[in-house]
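Please open the structure in your viewer and keep the sequence panel beside it. The tour below suggests what to select at each stop and says what is found there.

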Amino acid sequence: MQPLVGIIMGSTSDWETMRHAADKLDELGVPHETKVVSAHRTPQRLYDYATSAADRGLKVIIAGAGGAAHLPGMAASMTHLPVLGVPVESKALKGADSLYSIVQMPGGVPVGTLAIGKPGAINAGLLAAAILATSDDALAERLKAWRAEQTESVAVDPE
């Protein structure tokens, strides 16, 4: 199937976090692709990826990065597609540096920024699915069912 969501990350070590976005999209039946695209080490790859994303049929990009975390913002600067940024936890500052780098975009270059680490990656997958579900009734039903299942899984009593 043609990928609708692109999941990109700055390095292979980011896959430990970003795989959770892919897992959610798999669970909801959303076709996606995953690529390592470093804003600093592979700038031409980033340019090629971001500028061709819409023409290749992508509808949303999820970009995860740690440290300086320029990948989501740079991707957003080169495409009209929604870009969801996932701050990957860094060793030095536990992901706060990544969060600040992604969330503090200048006006005119939006990046939807999620939580640091695994929760952010999970929510990025869910948010990408929700964006796509606005024009895909079958996906909307799968997403509603997923949310209902999540609600039902919460215990009423603590024991």
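## Stop one: helix H5

In this predicted model, begin by selecting helix H5, in which Gly120, Ala121, Ala124, Gly125, Leu126, Ala128, Ala129, Leu132 and Ala133 are buried. The helix covers residues 118-133, and because 16 residues at 1.5 Å a residue should span 22 Å, the 23 Å between its end C-alpha atoms agrees with that expectation. To see what surrounds its buried residues, add strand E1 (5-9), helix H1 (15-27), strand E3 (60-66), strand E4 (83-88) and helix H6 (137-152), against which they pack.

## Stop two: the sheet

Next, select the strands, which form an open sheet of five in the order E2-E1-E3-E4-E5, with parallel pairing. At the edges you will find strand E2 (32-36) and strand E5 (112-113), each of which pairs on one side only. Moving inward, look at E1 and E3, which run parallel and are joined by five bridges; if you pick Ile7, its bridge partner in E3 is Ile62. With the sheet still shown, bring back H5, which packs on the sheet and touches E1, E3 and E4, while its direction makes about 175 degrees with that of E4.

## Stop three: Tyr100

Now turn to helix H4 (residues 96-103) and select Tyr100 within it. Is this residue buried or exposed? Tyr100 has a relative accessibility of 57%, and therefore counts as exposed. If you also select Gly67, you will see a residue that is 33 positions from Tyr100 in sequence, with 9.5 Å between the two C-alpha atoms in space.

## Stop four: the whole protein

Finally, zoom out until the whole chain is in view, and colour it by secondary structure to find six helices and five strands. Following the chain along the sequence, you will pass through the pattern β-α-β-α-β-α-β-α-β-α-α. Along the principal axes, the C-alpha atoms fill a box of roughly 50 × 40 × 30 Å. A compact globule with 159 residues would have a radius of gyration near 15 Å, so the 16 Å of this protein agrees with that rule.

If you switch on the surface, the accessible area comes to about 8500 Å², of which 55% belongs to carbon and sulfur atoms, whereas beneath it 45% of the 159 residues count as buried. As a last view, display the contacts with a separation of 6 or more, of which 66% come from residues 24 or more positions apart.

Notes
Residues numbered from 1 in each chain as written. Predicted model: local features only at pLDDT ≥ 70, side-chain atom pairs only at ≥ 80, totals over all residues. Heavy atoms only, no water. Helix = DSSP H or I, 4+ residues; strand = E, 2+ residues; numbered from the N terminus. Buried < 20%, exposed > 50% of the residue type's maximum accessible area, 1.4 Å probe, protein only. Expected span 1.5 Å × (residues − 1). Contact = heavy atoms within 4.5 Å. Pairing = 2+ DSSP bridges. Axes fitted to C-alpha atoms, helices over the stretch in contact; angles between N-to-C directions. Rg over C-alpha atoms; globule rule 2.2 N^0.38 Å. Areas by Shrake-Rupley, 256 points an atom, 1.4 Å probe, with all protein chains shown as cover.
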